[in-house]
Amino acid sequence: MQKIDARQLDLTHDVEGFIDRQQPGFTLEQPFYTSPEFFQLDKERVIFRQWQFVDHVSRIPNRGDFFLFTIAGEEIIITRGDEDKIHAHFNVCRHRGSRLCLEKQGRKRRLTCPYHAWSFELDGRLANARQMPDGFDPNDYSLHSCQVRVFEGLIFIYLGKEEEAPDFDYIADNYLPWIAPYKLADTKIATVRHFPTPANWKLVVENFLECYHCRPSHPEYCSTMGHVTYDGDGTEEGMEKYRVMYNRWLEKAKAQGRKVGYFEPPCPDQSLRVSRQVIKDNAVSTTQDGGPACKKLLGDLTDYDGGDAFFAFGENLYLLVSDDYVALLRFTPLDTLESDVTITYLVHKDAEEGVDYEPDRVAWLWEVTTEQDAKIIIDNQKGVLSDRYRPGPYSKLEGNCETFIRHYLKMLSAAERPTSKLNINPDDYTGEAIFSI
Amino acid sequence: MQKIDARQLDLTHDVEGFIDRQQPGFTLEQPFYTSPEFFQLDKERVIFRQWQFVDHVSRIPNRGDFFLFTIAGEEIIITRGDEDKIHAHFNVCRHRGSRLCLEKQGRKRRLTCPYHAWSFELDGRLANARQMPDGFDPNDYSLHSCQVRVFEGLIFIYLGKEEEAPDFDYIADNYLPWIAPYKLADTKIATVRHFPTPANWKLVVENFLECYHCRPSHPEYCSTMGHVTYDGDGTEEGMEKYRVMYNRWLEKAKAQGRKVGYFEPPCPDQSLRVSRQVIKDNAVSTTQDGGPACKKLLGDLTDYDGGDAFFAFGENLYLLVSDDYVALLRFTPLDTLESDVTITYLVHKDAEEGVDYEPDRVAWLWEVTTEQDAKIIIDNQKGVLSDRYRPGPYSKLEGNCETFIRHYLKMLSAAERPTSKLNINPDDYTGEAIFSI
Amino acid sequence: MQKIDARQLDLTHDVEGFIDRQQPGFTLEQPFYTSPEFFQLDKERVIFRQWQFVDHVSRIPNRGDFFLFTIAGEEIIITRGDEDKIHAHFNVCRHRGSRLCLEKQGRKRRLTCPYHAWSFELDGRLANARQMPDGFDPNDYSLHSCQVRVFEGLIFIYLGKEEEAPDFDYIADNYLPWIAPYKLADTKIATVRHFPTPANWKLVVENFLECYHCRPSHPEYCSTMGHVTYDGDGTEEGMEKYRVMYNRWLEKAKAQGRKVGYFEPPCPDQSLRVSRQVIKDNAVSTTQDGGPACKKLLGDLTDYDGGDAFFAFGENLYLLVSDDYVALLRFTPLDTLESDVTITYLVHKDAEEGVDYEPDRVAWLWEVTTEQDAKIIIDNQKGVLSDRYRPGPYSKLEGNCETFIRHYLKMLSAAERPTSKLNINPDDYTGEAIFSI
């Protein structure tokens, strides 16, 4: 992948002015996408203020298993400790700052620094430090840790101040009815695909949030997904065609007792959205031919209904859930002009590779589509680095981008925010099909 | 080529102070050659305030042909539209900023963005944008364009504000009598040679503007060009030797009705200079053996007279014109410490490769010389990056450098300048041989 | 080696505040190790204010021999001139700033610029510059030079203002009694090993100054050196064991009239420290098996006594001196996150390779140890770049690091310092064994 250089001379931006002047319905002004100063703000006020997905629990099944996760310049050790508790620590020794774990993954009884052998328990407490002077209190030198939550087998971490974290229980409570049937804790990783993307993370997110570009850019996606008939072109005819397809499926899905529709629980810090809709006529899974991706259905399911579900956890994790596999799309900001896109595919934990599923068949749709998107995003970034780039107007099919930008600017506009504890009764949003199309 | 890193900590320069303190007769202070801040000023006040040569028209003979040209961080699409008109657009979609053209050259009916398929006419007008909200006016979203002028087959663009452009007609009127005989519009590209040069553009220009370094550095050039006898060493004897050689040629050239001498039409924004002089005794073209470079003479010419012409269009394009071929030396600033030197060689459009000319023979003089210069310039830049670099005094043979620096500082010293419309009658400068040596 | 990127947004640090707030007994705050701004200060106030070792005189035995030395962005020409005098010049032509010497080493009668042939005597005086304007005085254009001192065959240069240089005679007078027996001027270079280390130079120095990390990191070093029994673990038992070993050796060494013990002449600008101690029981040289490294002993020596000496010249040169070879460890700051570690091994000038010594055997201990350290230092730097890095407490075995940091902060805290001319009688410090353990 081609490296794109960050812009120079960008250290004196009037941040608040840029936020105030931002025109609704338009893409962001240039520095939001190109300036290291703005990336630093993104990090402090947006990225580190949201729960970030790191991986599926099956990566660290045993005590002492660990892997490293990199986000916005920070390396985090994710490890399983006593009583199956998952921990997340900054990979920085409290003695002289060395990296503690040098391998990307492995198993350790303790986290021992390779430099002077300071040794930490898996939960981060300093266990051993030789020859320290009088008055040294090991309790002062636990590893810097992140909050961790595991939800349906998915590990989330929070890198900001504890008291400012969005209310994870609220998120979980709202999503559980929709996600529970798939029993994601009982899945395993079928395959993982990486797409290093040298571009600002917000261009990655905007790309994912709209299907205005599907027709020009994604023939495979268009042939797979029914909704492209309307949001690929936005015409009344397309809308009507999809409505017919959708309603036909709706009957069937409801008859099978499946979730349907669209649900957006309000959450000030971390955008939430779940929907479940038809794939397309006669398709049971989001595969190249519409046939099954895996012989074992997920969780409790006993039959396909031809639908697939979508979950957004903030802007950096999206779950695309067919009845027999899940694609976890994780968009990770690395630096101003550097992002990582990683797709982790889950199947039933008892499914057997080569017998029940083929990794390339499971990976197909989102691999081919994401590869196309990575190229698009890089070319988008290059143009946005031009002195002549100006914010452009969103089309009627890019409403999700507008919503994202609005939410982003709100998070960015103030370092101090009230905590996100909501006085909302989750029962008010119990997922009755809010048919939005 | 080796990459040179830009200096750090250079964001707080007192620009006006540096300009004021600059000592006449000396090279520039360090930051002019090393600081991204000064490069940004160069871009705004010098590079984008002069007509920049991009290429010969023969690169885009047909409607829809295009190529990309890169200058100072900007990518420009040069394309031929209706009625053979040449257009130049910034390669930035007006929707979300994506690159429009991804290939370096090709042919297109329209410029269609690969992202969301916004489509632009070759003249830059927005032709098609699906599903835009009410009130959207396509006329507001034409591509950002540059002014274009084609002069004798050479395409020039102007990237600054239209009203501030140097008067191209004035340039053309003054140069036409000198350049017309070669009929450059009726040439074709024989070969192109690239010399990526990781150095500030002003070091590239200074290198080209003086022959004080010819003796130590350019044996091939010295054996080819007669004038080196004086400006390679600057002695009275050298001067006298050249005067004899020059006068012998002068008789002959005048008898053949050819232009001779030196002419410098005043132009506040874009330095102009043309001269025509003897190559050396017995040489008819600037080739390794003094023999012809191409069997077909340029334009109207029927015989060699043993002279060659030099044209400067500002500091970034120089034409070296023998009677049978042209070397176009284009020096393009790319970044603070990054320049491109490209030499395009033109011969008569009917000349046949392998029969009338050999590309390597045509390219020889300026290829070998420019290769030597690229190395020199890189080593110059390295020394100039030292904390101990101090401006040094120009010799008597570096007067053109002094003139360049003076003109450069004048352009740099004020963002706002009066327009360059001159109240000068071109007839006052009709190119009577001003024998300057 | 992996490149580490410098931190962004580090141009506005409150330097004095950082110095004032630095907590004694702790590693430095992050910007000292990561910010280009602090590196610039290091350069001006520390690196260029100390005598820096460049190489052994045997690299340039003849008049006109030269080599290039790079430090903190500057390239220095070290050359031997008339009357065997060694000179050091910045590799920057006084005309237009070009590099003068392009090869890393060689021999020249004069230093002639490859650009315009300005030519300088080996002592730096401008010898020849063609065609300069009236009033040009060659005396104004000598090369920028550094002070040079040669001590026992070791070349030192000083890059700062002459009047601020630490008193080299004082250093020499104090060290001579300890170093003279080895006759380093009568050695030759056996082999050289390079360790490019992408990390801040202070992390390199801190790594070298303590043996707290020897046990976890350096098995070969631990099996070779007796002192590790105490400062590798710091226990009373270790201390006692070493004391026994040391005293056994002390008898023998004194009987042979050898220097023993520890000596630290006070010097405000350039830390000085020399010691001589036992290698370990039954070892005569610091080799893998404790046997000789070279069949010819150094200088005046007639027999091994089983000891080895250590000399610090500031923080950037350390001499590890066995009776039959010397390892010169030179730590050179190159940029904020870039250092060079070069080890030059010296043996008796009459020793014959393949007969008296094998380069790999001579190099063994410090090559294997430094290779391990380079990896450690890089991982240390990576962790220190984390937002969550915080200064950590030094152990009881890292006292030398504390001393270094204290001294470093003192040098950094003021641009203006009194000169280092000491009113101290060197006889007060004549190296009577100050047994410090």
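**Chains B and C, and a small sheet in chain B**

Between chain B and chain C, an area of about 2,900 Å² is buried, with carbon and sulfur atoms giving 52% of that area; buried area here is the accessible area, taken with a 1.4 Å probe, that two parts lose on being put together, summed over both. Please keep in mind that this is a predicted model, in which local features need pLDDT of at least 70 and side-chain atom pairs count only at pLDDT 80 or more, while totals for chains, interfaces and linings use all residues. Residues are numbered from 1 along each chain as its sequence is written, chains are lettered from A in the order in which they are written, and side-chain values use heavy atoms, leaving out hydrogens and water.

The contact, meaning heavy atoms within 4.5 Å, takes 35 residues from chain B and 32 residues from chain C. Three salt bridges are counted between the two chains, each being a side-chain nitrogen of Lys or Arg within 4 Å of a carboxyl oxygen of Asp or Glu. One of them joins Lys43(C) to Asp387(B), whose closest N and O atoms are 3.2 Å apart.

Turning to the sheet, strands E6, E7 and E8 of chain B form an open, antiparallel sheet in the order E6-E7-E8, where strands are DSSP runs (E, at least two residues) numbered from the N terminus and two strands pair if DSSP finds at least two bridges between them. Its edge strands, each pairing on one side only, are E6 (111-112) and E8 (126-128) of chain B. Strand E7 (residues 119-120) of chain B pairs with E8(B) over two bridges, and Phe120(B) stands opposite Leu126(B) in E8(B).

Definitions and conventions. Helices (H or I, at least four residues) and strands (E, at least two) are DSSP runs, numbered from the N terminus.
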